[in-house]
Amino acid sequence: MTQSHTIIIGAGIVGAATAIWLARAGHQVTLIDKGEPGMGASYGNGCILAACSMVPVTAPGLITKGPKYLVDPNFPLFLRWGYTPKLLPWLIRYLSNANDSDTRRIAQGLTHIVGDSLEQHQALTAGTEAAKWVQESEYNIAYADRAAFEADAYTWELRREAGFVPELIEGAAVQEKEPILAKTVKLLAVNKNHGFIHNPGHYVQDLVKLLKQLGGQFVQAEVKDFDLSGGRISAVETTQGRFDCDQAVLATGVWSKPLMQKLGLNVPLEAERGYHILFKDPSQTPNNPLMLTSGKFVATSMDQGLRCAGVVEFGGLQDTPSKAPLKLMRKKVREVFPNMTASSEEEWLGFRPAPSDSLPLIGEVGSSGVYAAFGHHHIGLTGGPKTGRMVADMICGQRNNIDMKPYEPKRFA
């Protein structure tokens with residue numbers, strides 16, 4: 001029997017996980033990326049396996065609140081105004097989901113992708129060198145006070161329905177649990193059974209090493225086109241030549257959009273510009289990963305230092321960082337970690353793939369033999385292994401118990 005050959009385009013967490021699950025199932029696998037493995041969005045995330053992060057940004061009320069956020073210099077939402085005309089069609093579709101029924105539908109779809117994140121990462125890496133990067137932990141969400149927590153009641157209602165019920169810690173007990181926090185933080189919502197990755201870039205690189213040990217290969221090249229001359233994919237054309245295949249998987253994040261256009265689909269996908277600041281040799285670090293609601297960023301102690309990641313900016317794929325998001329993040333870090341110092345700081349800008357309905361595209365594109373596995377917005381690291389397993393199961397003809405309709409790649413056609 002001829003061994004099936006799958007080409008996976010994109011060597012981030014989703015592509016690497018898909019490749020490993022397929023290689024374990026006996027497939028010949030070639031992983032292709034124009035850059036080094038794990039050095040895109042998978043590198044610069046907040047490191048957290050945020051299983052409870054299944055509520056989309058487009059919650060009810062965003063339509064009325066959004067314009068106020070954009071003009072508030074203390075709110076972590078930014079827009080490069082010159083990009084507005086290009087962004088507007090996507091933004092209209094995005095905001096159309098800011099209602100109760102769509103928010104609940106999206107949250108249910110995201111729960112299937114992220115709800116068992118820690119277990120999925122552990123299953124992917126069990127018995128391998130990559131397992132050392134996966135750490136079980138709490139994921140704690142910090143609020144100024146009880147009133148601020150209660151203002152998030154809608155989000156917590158959806159989380160409770162998904163099985164995430166926090167333990168609340170208030171008053172001086174907050175600083176007893178997390179001494180790094182300012183006394184202005186008076187409530188912690190403690191979420192058990194979460195986790196984080198000590199170094200996401202090195203984690204993905206170790207996953208690619210594991211793929212090679214399983215018989216797969218990695219090729220550094222840029223994919224330019226598909227050969228669909230027979231109505232189904234038979235090869236991909238790259239800057240390093242032609243690679244024949246039986247299936248292909250698109251896992252290139254925001255850069256998947258132009259490749260989907262070659263399949264006749266114009267996906268409403270925008271680049272959400274995300275930032276992080278790495279504080280090296282910090283004098284203090286949190287005991288568990290934190291979400292700081294006052295600045296909408298996460299703080300994680302990783303092997304390189306303290307990484308603070310977050311902020312939302314829309315402005316396309318220009319690789320020049322804006323000053324305002326980084327300035328605001330530094331301000332918020334000083335407010336919540338007033339006694340923390342560092343020997344140096346390192347800035348990063350990356351691009352989150354944001355579909356207009358906040359749900360990833362997962363599954364075969366028609367009967368083309370090309371499978372989508374992209375569009376994870378804020379949950380790429382969290383949901384990567386689960387997505388990889390789902391795509392591998394589909395290619396192998398294995399059934400799962402998840403309704404795949406919410407992730408249908410042709411749903412925008």
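This text walks through selected helices, aromatic contacts and single residues of one structure. The model is predicted, so local features need pLDDT of at least 70 and side-chain atom pairs count only at pLDDT 80 or more, while totals for chains, interfaces and linings use all residues. Residues are numbered from 1 along each chain as its sequence is written, and side-chain values use heavy atoms, with hydrogens and water left out.

Helix α4 is a place to begin. Helices here are DSSP runs of H or I with at least four residues, strands are runs of E with at least two, and both are numbered from the N terminus. α4 has 12 residues, but its end C-alpha atoms are only 14 Å apart, short of the 16 Å that a straight helix would reach at 1.5 Å a residue. That expected span is 1.5 Å times one less than the number of residues in the helix.

Which residues of α4 are buried? They are L87, W90 and Y94, where buried means under 20% relative accessible area, exposed over 50% and partly exposed in between, using a 1.4 Å probe and protein chains only. These buried residues cover an arc of only 70 degrees around the axis, which puts them on the same side of α4; the arc is that of the directions from the helix axis to the C-beta atoms. On the other side of α4, P85, P89 and I92 are exposed. The buried residues of α4 pack against α3 (62-71), β4 (77-79), β13 (269-280), β16 and β17 (344-355), with contact meaning heavy atoms within 4.5 Å.

The aromatic rings come next. A pair of aromatic rings is described by the distance of the centres and the angle of the planes. Rings of Phe, Tyr and Trp (its six-membered ring) pair if their centres lie within 6.5 Å; planes under 30 degrees apart count as stacked, over 60 as edge-to-face and the rest as tilted. A search of the whole structure finds seven aromatic pairs. One of them joins Y94 and F314, which are edge-to-face at 6.5 Å centre to centre, with 70 degrees between the planes. This pair links distant parts of the chain, since Y94 is in helix α4 (residues 84-95) and F314 is in strand β16 (residues 305-314), 220 residues apart. Y94 and F314 are both buried. The rings of Y143 and F149 have centres 5.4 Å apart and planes at 85 degrees, so that pair is edge-to-face. Y143 and F149 are also both buried. Back at α4, W90 joins Y94 and F314 in one aromatic cluster.

Two arginines face aromatic rings. A charge sits over a ring if NZ of Lys or CZ of Arg is within 6 Å of the ring centre and within 35 degrees of the ring normal. The charged end of R307 is over the ring of Y43, 5.3 Å from its centre. R389 lies over the face of W21, at 4.1 Å from the ring centre.

Helix α13 (residues 380-396) has 17 residues and spans 23 Å from its first C-alpha to its last, close to the expected 24 Å. A bend of about 30 degrees occurs in α13 at K386, taken as the angle between axes fitted to the seven residues ending there and the seven starting there. Of the 17 residues of α13, 13 are buried, so the helix is largely enclosed by the rest of the structure. After α13 comes G397, whose phi is positive, near 75 degrees.

Helix α10 (residues 200-213) has 14 residues and reaches 20 Å between its first and last C-alpha, close to the 20 Å expected. Its buried residues include Y203, V204 and L207. Just after α10, G215 takes a positive phi of about 105 degrees.

Positive phi also turns up in residues other than glycine. C47 has a phi near 75 degrees and is found in the loop between α2 (41-44) and β3 (48-49). At 1% relative accessibility, C47 counts as buried. D281 has a phi near 50 degrees and lies in the loop between β13 and β14 (290-292). Is D281 buried or exposed? With a relative accessible area of 59%, D281 is exposed.

The last residue described is H27, in the loop between α1 (13-24) and β2 (28-33). H27 counts as buried at 14% relative accessibility. Leaving aside neighbours within four places in sequence, H27 is in contact with Q3, S4, T6, L22, Q247, I395 and C396.
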